[in-house]
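The exercises below ask the reader to work through a sheet, a loop residue and the nonpolar cores, and each task is followed by a stepwise solution.

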Amino acid sequence: MKKIIAGCALLASFAAVATTVESANTFGVLKVTDASTTELIIAVPWAAVGNGDIKVTDLVLPTGLANGDKLYWYSTAEKNFKSWVISEGAWAANNVTLFNEQPALETTLNDTVARGEALVLVRTAPGTNKDIYLSGQYTDSTSVVAIACPTPEDKAARPNHLTYTLIAPSAPAEVNLNAAIYYSDEGCTVAVDYKNSDFNGDKIQLSDGTEYSHDSDGWYKWGDKQGNYGPKNKSYTSVIPQGQGAWYKRNGTSPLYIKW
């Protein structure tokens, strides 16, 4: 029998619950702390209770969030978002017109998200609501996320066209992009070395504005959160922080998958 665990810290409201409660599953609560980023990309490190994709509104607890705070999930196929909003202390579907001036995709409280994907949390006051709690069931299985690639039509219209995919490590830990495992097929049988030139032209951007680019030695820091860009004093320490995700901006046209 496994015991209830906490990824980083248990919610204060759980303080009265004994940490030795036994269960057939292992449950976790990961605290992600950020006091400055309005649009924070957050990871999906947990599965649903009983396994499988987890409900968005079960994953991101409303505890500590403010009315008007919103969650967004991006569909690479539809090139549009689903959206939820905190209303009276609980999540509600946010079927409104978004910043791309298109109606949001139809959203419900039962919509799920898979490990390896990511969500964008937009907070009205990150300095006040700095702690975000992600709840679910722990699993040590890997997950695979497909990276959207430009089509031949996209490249014909604009050679430097980029497609966007929200990604995040599926474990509650930071990940070095130069240690991540990349594949060219959905079944993950043909590995792609992280130094492969097929990544050249791709970018990976964190919530705080940090951006990673790629050359023959792998992923390196191209831009920082202050908006300074250029390959000065290259650093190949390219990390997605614990509990967070990133935008993968793909320029290459060959299929690409990341196995976390």
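**Exercise 1.** Determine the strand order of the open sheet and find which strands stand at its edges.

Solution. Four strands, given as DSSP runs of E with at least two residues and numbered from the N terminus, form an open sheet in the order 12-22-15-16, with antiparallel pairing. Strand 12 (144–147) and strand 16 (191–192) each have a single partner strand, so one side of each is left without a neighbour in the sheet. Next, strand 15 (residues 181–183) pairs with strand 16 over 2 bridges, where pairing requires at least two bridges found by DSSP, and Tyr182 has Val192 as its bridge partner in strand 16.

The model is predicted, so local features need pLDDT of at least 70 and side-chain atom pairs count only at pLDDT 80 or more, whereas totals for chains, interfaces and linings use all residues. Residues are numbered from 1 along each chain as its sequence is written, and side-chain values use heavy atoms, leaving out hydrogens and water.

**Exercise 2.** Locate Asp185 and describe its contacts.

Solution. Asp185 lies in the loop between strand 15 and strand 16. Leaving aside neighbours within four places in sequence, Asp185 is in contact (heavy atoms within 4.5 Å) with Val190 and Tyr257.

**Exercise 3.** Identify the residues with the most contacts inside the largest nonpolar core.

Solution. This core, a set of buried (under 20% relative accessible area, 1.4 Å probe, protein chains only) Ala, Val, Leu, Ile, Met, Phe, Trp, Tyr and Cys residues joined through side-chain atoms within 4.5 Å, has 21 residues, and those with the most contacts inside it are Ile42, Leu59, Val60, Leu71, Trp91, Ile132 and Leu134.

Terms used. Buried < 20%, exposed > 50% of the residue type's maximum accessible area, 1.4 Å probe, protein only.
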